[in-house]
Amino acid sequence: MENRSFYNEVLTEHNLHPAHKHDLPDANLVLEGVNPSCGDDILLKLKVEDGIIREGSFVGDGCAVSQASADMMLDLVIGKKKEEAVKLAEKFFQMIRGTAEEADLEVLEEAAVLQDISHMPSRVKCAVLGWRTLDEMLAGEKS
């Protein structure tokens, strides 16, 4: 019960007061992520310099899960090297698939509250939208 309450609290906070939901005019990487099954749509924007994600934001519309997950993701990857961000995305995908180790969950920090989404198939695509967009964006980037 306590975990469910914490999940709701974190999700609500990131949904109602997202730190990273705004435009980023000087972004040098931009990619749209769409979840056609429910209509979630985000535009992920990153400012990457010297291989480090200096700033990040997203704009768009979607459910509480997609918006909060994207905000938590940006909390985690801003200040990291691109390679570290890709590894964090893989840890997130492992968590959603149920194959992550306990240590993997720790590195995901607040995003680990989304672990139980794996038991809600209709919400999985919502939770991974920002992460999948980040992964696609950085996989397409040559160092």
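How many salt bridges does the count come to in this structure? The count comes to eight salt bridges. The model is a predicted one. This briefing presents three of these pairs, one network of charged residues, and the surroundings of the serine S69.

**The pair D23 and K45**

- D23 and K45 form a salt bridge in which the closest N and O atoms are 2.4 Å apart.
- D23 belongs to the loop between α1 (2-16) and β1 (29-35), whereas K45 is part of strand β2 (residues 40-49), so the salt bridge ties together parts that lie 22 residues apart in sequence.
- D23 is partly exposed, its relative accessibility being 43%.
- K45, by contrast, is buried, because its relative accessible area of 12% falls under the 20% limit.

**The pair E49 and K47, and a network**

- A salt bridge joins the side chains of E49 and K47, with an N to O distance of 3.8 Å.
- E49 is partly exposed at a relative accessible area of 36%.
- K47 has a relative accessibility of 17% and therefore counts as buried, the limit being under 20%.

**The pair R132 and E136 in helix α5**

- R132 and E136 meet through their side chains in a salt bridge of 3.5 Å, taken from N to O.
- Helix α5 (residues 121-139) holds both R132 and E136, which are four residues apart, or about one turn of the helix.
- R132 is partly exposed, with 29% relative accessible area.
- E136 likewise counts as partly exposed, at 42% relative accessibility.
- Elsewhere, salt bridges with shared partners link D26, K47, E49, R54 and E55 into one network.

**The surroundings of S69**

- S69 is placed in helix α2 (residues 64-77).
- Is S69 buried or exposed? S69 is buried, as its relative accessible area is 1%.
- Which side chain does the side chain of S69 meet in a polar contact? The partner is the side chain of W131, at 3.1 Å.
- Leaving aside residues up to four places away in sequence, S69 touches F92, L114, A127 and W131.
- W131 thus appears both as the polar partner of S69 and among the residues that S69 touches.

Definitions and conventions. Residues numbered from 1 in each chain as written. Predicted model: local features only at pLDDT ≥ 70, side-chain atom pairs only at ≥ 80, totals over all residues. Heavy atoms only, no water. Salt bridge = Lys/Arg side-chain N within 4 Å of Asp/Glu carboxyl O. Helix = DSSP H or I, 4+ residues; strand = E, 2+ residues; numbered from the N terminus. Buried < 20%, exposed > 50% of the residue type's maximum accessible area, 1.4 Å probe, protein only. Polar contact = N/O pair within 3.5 Å; in protein donor to acceptor, adjacent residues only side chain to side chain. Contact = heavy atoms within 4.5 Å.
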